[in-house]
Amino acid sequence: LGKSQCRAAVTRVEIDVFFNFHVLFVFQGKWKNKERVLVFSSRGINFRTRHLMQDLKTMMPHSKADTKMDRKDKLFVVNEVCEIKNCNKCIFFEAKKNMDLYMWVSNVPHGPSAKFLVQNVHTLAELKMTGNCLKGSRPLLSFDPKFDKEPHYALLKELFTQTFSTPQYHPKSQPFVDHVLTFTIADKRIWFRNYQIIEEDASLVEIGPRFVLNLIKIFQGSFGGPTLYENPHFQSPNMCRRLMRMEKAARQKERQMVKEIRLEKRKEVKEVLTEDVTDDVFVTPAEEKPKEVEHEAPRPSKSKKKKKLKLTELKKRTLLKRKGLR
Amino acid sequence: LPSLSLSFLIQLQEAFSKGLLKPGLNVPLEEPKKAVNNIEGLKMCLAEFKKNLPWVERLDLTNHPAVDVLAKIEGTLNKKQSSGEIDAEDDFQREMYFYRQAQATVLEALPKLKKLQIPTKRPDDYFAEMAKTDQHMQKVRKKLMQKQMAIEKSEKAKKLREQRKFGKKVQVEVLQKRQKAKKAMMTAVKKYQKGMTDKLDFLEGDQEGKKGSTASKSQMSKKGPNAKRKYKDQKFGFGGKKKGSKWNTKESFNDVSGFRAKTAHGKGGKKFNKGGKKNKRPGKETRRKMKARK
């Protein structure tokens, strides 16, 4: 946990030290690999997504931010925004229905792009993740061997490598390598984790953020173009919710049907299996009453309210007593 | 039913006559929607897109997770995991899998970085901005401390409860022992009284204890607190002697209650009657009374 101190007032000595180190390590080489990533979102994101975006910007010194994009504009407008900002990669967050978060990762002018559904987001600010790293330090990237087995995963691996790795000698980067990002494939999704390297013997602590990506489609162009790959295991969140609701509805319907069947069974005429001779011994039909025809309307019954007032003797007595009449 | 062409109908008839189709309603199956998987396109795209940068720019590695040392020792090594299938539902296993993957990467990459002279350890006097602020790290530390304290407290409480239980057990045992001893004594005494045994050894073990305790008890009850109490009552109690009252008055002078003749004339001698009979057996009447009282 933080040997370093973030000093508010940097003394002259420290400026010298900092400068010297910077000169020693960073300015030793020229920044050649010009990668710039634009990280921004559409409107309608919630606080967690906003924090996630901020965290990604913290982790990647080669990133730039932009204002929220209006959802009315078509997606290829993003390409123009990237061009204006002179970025060649883009991470775009799209929030729908205040519930679902989609992430686009794209190589902007011509290259491939991929759309993911983001789940299980945990940000840097969570207290359970106790690690810390230098701001803008270069990460090690760790991939699952499964990434090499399928062509679509291989393409995604290249895309992630180019997007997330900090270029060497970038002016905002720190020269030390002290954290590692892992991408693993499990349950047909891509899991992202960020660990801090504490000791040389590879003892790690998680820094965060962490999220799970569910691949939807890979396109040949940036934010458009022909579809190269479609994930057959992907089920849109709408579909998931719909299935759950239908399941519930089916269960209710079944219950209703069972109830109805039971009622029907009770009502139907039951078959007599064994005839008992002594059954109708006590059946004595009543005498026939003469038909009475009422000429006048019946008297209206007393209202229910008055019925309630029929007190028992004891209650009457207590009431009178209370009133002081006894 | 969708509109069937004539040829299709004829085909159906033939199939039915051959016995391939079962009687009943046959619904034509829809082909399941095929997901696009343009392998060639993907490979071409990858070839175009790939940037052949030196490893030092990318710093990426692909590897299996490091061997789980603990599991190996315990012998619970999961065959599934070694082949790469992770159970995503088992949180702990899943996270450990990711952790070990990162570990394997670090172990492989550090020597490479050393060769390229890229530092991985930050020197102690290098002050720079961290991804999480110091304030945040303080909060984290506080939370960890709280957790630890909570655990300690619960441990203490558990121990206390255990102790109390144990103490209670011991107390119960002691009481039971005493009761047993008393019962045994009583039975022995009764046996003797009824004449079943004529040995009096049970008394030895008990008599001394009993007598000593009763004698001392009676002595204590007579003199001990009583004299002290008396004096205090006299000095401070209501009706006792107060500060400014007179002494050596006519009444006090004439009061001879405190006079012991023998002591005054030196004939009483000091009290050394303790060497008398210790086990003075009480008389018949006294013994009868004691028995009746019990």
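**Exercise 1.** Find which residue of β1(B) is the bridge partner of Ser142(A), then work out how the two strands run.

*Solution.* Start at Ser142(A): its bridge partner in β1(B) is Leu61(B). Keep in mind that we're looking at a predicted model. Next, zoom out to the strands: β6 of chain A, residues 137-143, pairs with β1(B). The sense is parallel, and the pairing runs over three bridges.

**Exercise 2.** Work out how much area the two chains bury and who contributes on the chain B side.

*Solution.* First, count the residues in contact: chain A puts in 84 and chain B puts in 65. Then take the area: about 7000 Å² is buried between chain B and chain A, with 62% of that coming from carbon and sulfur atoms. Now pick out the top losers in chain B: Phe49(B), Tyr126(B) and Phe127(B) give up the most area to chain A, together 11% of what that side buries.

**Exercise 3.** Take stock of the polar side of the interface, then say which element of chain B gives the most residues to it.

*Solution.* Begin with the salt bridges: there are five between the chains. One to look up is Lys114(B) with Glu200(A), where the side chains sit 3.0 Å apart, N to O; that's inside the 4 Å cut-off. Polar contacts come next, and 32 residue pairs across the interface qualify. As for elements, those giving two or more residues to the chain B side are α2, α3, β1, α6 and α7. Of these, α6(B) gives the most, with 15 residues. Finally, sort the residues on that side by type: 33 are nonpolar, 20 charged and twelve polar.

How values were computed
Residues numbered from 1 in each chain as written. Chains lettered and ligands numbered in written order. Predicted model: local features only at pLDDT ≥ 70, side-chain atom pairs only at ≥ 80, totals over all residues. Heavy atoms only, no water. Contact = heavy atoms within 4.5 Å. Buried area = accessible area lost by both parts, 1.4 Å probe. Polar contact = N/O pair within 3.5 Å; in protein donor to acceptor, adjacent residues only side chain to side chain. Helix = DSSP H or I, 4+ residues; strand = E, 2+ residues; numbered from the N terminus. Nonpolar A, V, L, I, M, F, W, Y, C, P; charged D, E, K, R; others polar. Pairing = 2+ DSSP bridges.
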